[in-house]
Amino acid sequence: MQIYRRSLWLYLWDGTPLPIHLGWIFTSTSPRSILIMALAWLWLLCLSSSQAEAQAAELYAEIPENYGGSFPLYLLKLPLPHEKAGSHIVLSENSDVAAEVPFTVDPDSGFLLATRALDREEKAGYQLQATLETDDGRILWGPQPVTVHVKDENDQVPQFSQTVYRAQLSQGTRPGVPFLFLEATDGDEQGTANSDLRFHILSQTPSQPSPDLFLLEPQLGALALSPEGSSSLDHALEGPYQLLVQVKDMGDQASGHHATATVEIFILENTWVPLEPIHLSENLKVPYPHRIAQVRWSGGSVHYHLDSQPPGPFNVDAEGKIHVTRELDREVQDEYLLQVRAQNSRGEDYAEPLELHVVVMDVNDNAPVCSPHGPSISIPELSPPGTKVTQLSAEDADAPGSPNSHIVYRLLSPEPEEGTEERTFQLNPESGSITLGTAPLQAGLNIHLQVLAVDLAGAEGGLSSTCEVEVSVMDINDHAPEFTTSQIGPVSLREDMEPGTLVAMLIATDADLEPAFRLMSFAIEAGDTEGIFGLDWEPDSSHVQLRLRQNLSYETAPRHEVVVVVRNVEELVGPDPGPGSTATVTVLVERVIPPLQLDQESYEASVPVSTPAGSFLLTIQPSNPRSRPLRFSLVNDSEGWLCIKEASGEVHTAQSLKGARPGDTYTVLVEAQDTDEPGLSTSAALMVHFLKAPRGPALTLAPMPSRHLCTPRQDYGVVISGPGKDSNLSSGHSPYSFALGPNPTVQRDWRLQPFNDSHAYLTLALHWVEPGEYEVPVVVGHNAQTWQIKVRVIVCRCNVDGQCLRKVGRMRGMPTKLTAVGVLVGTLAAIGFFLILIFTHLALARKKDLDQPADSMPLKAAV
């Protein structure tokens, strides 16, 4: 491994050499050796940078102007290095002009020396630099910048710009406003007391009327009138005033240099007088700018300034001439207020500004302009004459109240129809109001109105424009709907037509135009108190259908005349609906006789051969219980065993069934015939099956006392007892059986439920049964024996307590209504008779007293 030792020599600012040992550095590339090397170089770099900054620092020196001492004058010591062998100091000035500098450097001591006195007014400072160089021009030290400032001395006397100042002063000048500015200069350094100037008035000639007519601002040299001078200037002498003025440096200090000058002031008459208003015609055709007025300030050094309210096309030149620069428009601005100012150089007003009122005269240069209207004006039809349609309004931008803006109106269209003087519209020429004329309007019309608006009150040469208005005639609901025909029919309908059947189609029309006014509603006005018919129509349709709502009945009403009325949905305006708003539909009902039909195609009954005569078997009934009455009869009853009630259809045994054998069937034909139409009839087979006679006694009828049930059905019934009075039928201890008779109608209308071993419960099977008295056949069985009983049941309407409500007849022994009325009349007659007797008696007694002489009447005794 090789080892090297490195040393570095540095020279300080004074030339002293400084050895720096970098230490031992190994040639190996170990991290420790690399870190030591980097730190050493970083220290060297920082040291060299600080040394360079130290060398570049600027040096400063100051030397008094016009120094009166000995020279050379030591100013400062330059930081030269100690080792200067073989080198010399070079001093130069940083200037583009090559000149000899009044400075040198002592090579031994390094001091900067001034070689002579300096004048600041000639040069106020020097920028020098010093270097240490070898003979061959190599710089060993520097360059070192050095600034030398020449300190000012008050060696200059102030000077006025003029020896004699002359100024013109106008009467009326405001006090404190400068009319002359004195100027003076000082050659000393600006910004110092040596050049700080102050102005003063030394004397005023003449001193009348006051020695203090004028003021001089000390720092600015502004000469102005004093308040006393402003008030007495109008009475001042006509000759000029002379002022002796002084300027001095050193500011307000007592010492300093000074100079004087003379100011001559000439007093002039005030020419700043008010201006009369000016009237200018708008759109004036003259070359522009056009002079309209002139102002003049008699004092000297004046600048004119003009303000316009509102801003307008006006200006003023340096001679005070006021111009308008372009045409004026009265409709844009009808007048202007101008202010003209006379000012000094600092913009201060010498006097109050003058006002000039400019009035713009109107010319007829604007045509009337119609105010915009909406899309259309709607007028209801049938509006009376004189109804206001609209109010036209035209605006003229010319001067209000002048003929140029006086507008009249003329109706251009529509023109009246030929051959008639009636007009649809009337126009007021002054107000522009449009009203309806006498000519009628038709709904749905769109009328285009044209009206001419003319200014100058319609005189020749007036300007005009056309106003247009759209008028639409609005439909009103003034037409009632009417049917196209007022009589329909007669229409023939079978009485068995189903509800919903179309009877007739009615059509109505409405002359109105508005769809909302053509909406109709229909109703049946007369001829349908039972609600048999109904109407169907769409809300926006003019067609209505007359349809059946209930079944027809020839017997109830063989003919119908249905009156249908049509009305507007919206309220009708104008006359009431006429006869055309109703239509009569005549309907003839065709009678339909349905075929007779019994409730069963055939009937069967089973009875023992021992059944006695008069026993009830069953009831033959029509299929429709509410149909017309029938007459019943039996056909082919060869044995004569049976009989049938002609009106009710109840079948009984006519005699004992002698000769009948058990197991045989006896068939007869039951015929039902319409009572009103004998030609209508029907028949059904009745088959009677004979049963073996019971071992016990023959079947007997055991009547039951009558009971009552309520309709509509309530939750209770009739209790039927099995044991009867005949001990032979009720002997034994086996339970009883109960069953309704074989008649289907009985089984349909009634319900029988066992209650216990000896009783049953009879109730209504239907919710509603017609009130009346019924006999319900019940077959009772016991100990292989059967017998039939008839339970009399009264079906009636009931109150809330379940009590039957019956019609009450006249009670025995109670008077009738006629008897009560007779008794009442007789009583009143007797009372009247007695009253007549009493009043007659009283009248006769009074007459007797009046006929008696006056002297026969007894005197009343005095008490």
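## Salt bridges

D664 is partly exposed, at a relative accessible area of 29%. In this predicted model, its side chain meets that of R661 in a salt bridge, with 3.2 Å from N to O. R661 itself is exposed, its relative accessible area being 56%. Elsewhere, R120, E121 and D152 are joined into one network by salt bridges that share partners. Within that network, E121 and R120 form a salt bridge through their side chains, at 3.4 Å from N to O. E121 counts as partly exposed at 26% relative accessibility, whereas R120 is buried, with a relative accessible area of 11%.

A further salt bridge joins R341 to D307, whose closest N and O atoms are 3.4 Å apart. R341 belongs to strand β24 (residues 335–343) and D307 to strand β21 (residues 303–309), so this bridge ties together parts that are 34 residues apart in sequence. R341 is buried, at a relative accessible area of 19%; D307 counts as partly exposed, at 28% relative accessibility. Over the whole structure, the search finds 25 salt bridges. Side chains of opposite charge can pair when their charged atoms come close.

## Aromatic pairs

With ring centres within 6.5 Å as the criterion, the count comes to 19 aromatic pairs. In one of them, the rings of F522 and W537 have centres 5.4 Å apart and planes at 75 degrees, so the pair is edge-to-face. F522 sits in strand β38 (residues 520–526), while W537 is in the loop between β39 (533–536) and β40 (543–548), so the pair ties together parts that are 15 residues apart in sequence. F522 is buried, with 6% relative accessible area, and W537 is partly exposed, with 32%.

The rings of W641 and F690 also form an edge-to-face pair, because their centres are 5.3 Å apart and their planes lie at 85 degrees. This pair links distant parts of the chain, 49 residues apart: W641 is in the loop between β45 (630–635) and β46 (642–644), and F690 is in strand β49 (residues 681–691). W641 is buried at a relative accessible area of 7%, and F690 counts as buried at 5% relative accessibility. Separately, W272, W297, Y304 and Y350 are linked into a cluster by ring pairs.

## Nonpolar cores

The largest nonpolar core has 50 residues, and F214, I265, I292 and I322 are those with the most contacts inside it. Strand β18 (residues 258–268) gives the most to this core, contributing 5 residues. What does I292 contact, once its neighbours within four places in sequence are left aside? Its contacts are I278, L280, F314, I322, H323, V324, L356 and V358.

A second core, separate from the largest one, has 25 residues, including A605, L642, L657 and V688. In soluble globular proteins, nonpolar side chains tend to be buried together.

## Nonpolar surface patch

Nonpolar side chains also appear at the surface: L824, L828, I831, L835, I838, F839 and L842 make a patch of about 740 Å². Among these, I831 lies in helix α5, which covers residues 817–851. I831 is partly exposed, its relative accessible area being 47%; that value exceeds the 30% required of patch residues, so I831 meets the accessibility condition for a patch.

Definitions and conventions: Residues are numbered from 1 along each chain as its sequence is written. This is a predicted model: local features need pLDDT of at least 70, side-chain atom pairs count only at pLDDT 80 or more; totals for chains, interfaces and linings use all residues. Side-chain values use heavy atoms; hydrogens and water are left out. Rings of Phe, Tyr and Trp (its six-membered ring) pair if their centres lie within 6.5 Å; planes under 30 degrees apart count as stacked, over 60 as edge-to-face and the rest as tilted. Helices (H or I, at least four residues) and strands (E, at least two) are DSSP runs, numbered from the N terminus. Buried means under 20% relative accessible area, exposed over 50%, partly exposed in between (1.4 Å probe, protein chains only). Patches are made of residues with over 30% relative accessible area and no salt bridge: like charges are joined within 9 Å, nonpolar side chains (Val, Leu, Ile, Met, Phe, Trp, Tyr) within 5 Å. Accessible areas come from the Shrake-Rupley method with a 1.4 Å probe; for residues, only the protein chains shown count as cover. A salt bridge is a side-chain nitrogen of Lys or Arg within 4 Å of a carboxyl oxygen of Asp or Glu. A nonpolar core is a set of buried Ala, Val, Leu, Ile, Met, Phe, Trp, Tyr and Cys residues joined through side-chain atoms within 4.5 Å. Contact means heavy atoms within 4.5 Å.
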